[in-house]
Amino acid sequence: GGTPLPRAAIDKDLLSDIAHYAVFANAAYGWKGGLALTGKVHIGDLNSLLTKTGIDEKDVIAAQWHSKTHRPAFFLVRDLQRKKLVLSIRGTLSARDILTDLCCTADDFCTDDGASDDEEDDSAESVNGAAEGLVNAAAEALQNKFRHKNKAYRAHHGMLESARGVAKMTRKFIASELAAHPDFSVVIVGHSLGGGTAAVLGAMWQDTFPGLAVYAYGCPCVGPLNASPTTNNAIISIVGEGDPFSCLSLGHLADISVAVSQLCRHQKLRDEILKRSGGRVEDMREEDLFYCYDAMEALRKHMNKEKFFRKLQNASCWKHTILHFSIVHFFPTIKKTLYNSHIFAPFSV
């Protein structure tokens with residue numbers, strides 16, 4: 001959807017970080033993920049984590065391997081090599097995770113995660129017994145020192161509630177660890193649903209834990225355009241080419257439905273588009289491309305639902321990407337459907 005970066009512009013340290021933390025994101029799937037991806041069986045989720053990441057068991061601070069609706073599985077570890085506390089959030093693996101995915105309406109939130117001592121209704125399993133009871137005055141002072149005035153944002157409801165749930169179960173552990181290791185900083189990683197949850201949690205904690213970084217792999221659409229977490233510079237989004245979930249939300253589906261309905265209502269417009277967009281897009285004449293562009297702009301006037309996006313590197317790049325996707329994929333995709341199906345607009349005869 002954009003121009004590839006020249007080799008000189010590629011940050012080798014960033015690439016190293018992306019490769020390094022991808023292992024932690026993968027490890028959140030436990031032994032089941034290892035079996036599915038590699039065919040190798042690890043005895044237990046903890047053993048799978050230790051084998052994949054190479055960390056010592058004493059550096060596993062907390063873990064929750066079983067998810068609930070709005071409570072994804074995760075683990076929290078010390079990465080001594082890079083002086084980081086790594087919070088890894090699992091993606092979709094169970095039916096409960098799918099329910100979280102499907103809660104795809106938008107909700108407002110503040111940078112304060114809402115977690116407090118008297119709200120702790122769930123807790124992670126402490127793998128290292130010494131991690132429990134570490135909450136002390138120094139940890140609380142660290143939290144309060146960096147908690148600025150709340151800022152309002154908007155995000156996917158399921159991921160937002162998941163972020164709040166993970167925050168409740170981990171924030172005290174993290175604050176305690178940072179109080180004991182002031183030279184450490186926090187990294188949140190996740191894949192798929194875990195990546196989206198990590199992005200929302202990163203937006204919540206941007207003022208709570210200075211130096212925080214987020215690596216979201218296969219990050220889905222998490223919030224509206226030009227609003228955190230889609231514009232947060234601390235979040236790095238890594239998406240495979242052609243991944244539909246990185247550019248699809250409930251609003252996109254609603255808008256596509258509206259556009260198809262408009263095309264069904266207006267036969268002349270539909271027939272003209274089908275005539276001009278025949279064959280490969282790359283072989284279309286320039287005047288036909290401009291006609292399709294103008295037609296798409298006319299349809300956009302009816303496509304006004306709230307849409308989500310993943311973390312944006314560059315708003316103008318995304319505008320180009322969305323436009324390119326619309327022209328190159330939208331018309332050819334519906335062409336076959338319009339030819340082969342008897343489609344009628346709602347409430348029309």
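Strands β1 and β2 pair in the antiparallel sense, over 4 bridges. One residue pair illustrates this: valine 60 has valine 77, in β2, as its bridge partner. I should state at once that we are looking at a predicted model.

These two strands belong to an open sheet of 6 strands, in the order β1-β2-β3-β6-β7-β9, and the pairing within that sheet is mixed. Its edges are formed by β1, residues 60-64, and β9, residues 235-238, each of which pairs on one side only. On average, neighbouring strands of the sheet are turned by 15° against each other, with direction ignored. Helix α7, residues 193-204, packs on this sheet and touches β3 (84-89), β6 (185-191), β7 (213-217) and β9. The direction of α7 makes about 150° with that of β6.

Let me turn to the nonpolar interior. The largest nonpolar core comprises 38 residues, and those with the most contacts inside it are Leu87, Ile174, Ile188, Leu201 and Trp205. Elements that give two or more residues to this core include the strands β1, β2, β3, β5 (152-156), β6 and β7, together with the helices α6 (157-180) and α7. Which element supplies the largest share of this core? That is α6, with 10 residues.

Leucine 201 deserves a further word. Setting aside neighbours within four places in sequence, leucine 201 is in contact with Leu87, Ile89, Ala163, Val166, Ala167 and Ile188. Apart from this core lies another, of 20 residues, among them Leu49, Ala63, Val187 and Tyr215.

I now return to β2, for a charged residue. Aspartate 79 is placed in this strand, which covers residues 74-79. Does aspartate 79 lie buried or exposed? Aspartate 79 is buried, yet has no salt bridge. The nearest side chain of opposite charge is that of arginine 82, 4.8 Å away, whereas a salt bridge calls for a distance within 4 Å. Leaving aside neighbours within four places in sequence, the contacts of aspartate 79 are His20, Tyr21, Phe24, Lys84, Val86 and Phe184.

Finally, I come to alanine 295, which sits in helix α10, residues 286-300. Why is alanine 295 classed as buried? Its relative accessible area is 6%, and the class applies to values under 20%. The C-alpha atoms of alanine 295 and glutamate 272 are separated by 9.9 Å, and the two residues are 23 residues apart along the chain.

Methods
Residues are numbered from 1 along each chain as its sequence is written. This is a predicted model: local features need pLDDT of at least 70, side-chain atom pairs count only at pLDDT 80 or more; totals for chains, interfaces and linings use all residues. Side-chain values use heavy atoms; hydrogens and water are left out. Buried means under 20% relative accessible area, exposed over 50%, partly exposed in between (1.4 Å probe, protein chains only). Lys and Arg count as positive and Asp and Glu as negative; His and the chain ends are not counted. Contact means heavy atoms within 4.5 Å. Two strands pair if DSSP finds at least two bridges between them. Axes are lines fitted to C-alpha atoms, for helices over the stretch in contact, and angles run from 0 to 180 degrees between N-to-C directions. A nonpolar core is a set of buried Ala, Val, Leu, Ile, Met, Phe, Trp, Tyr and Cys residues joined through side-chain atoms within 4.5 Å.
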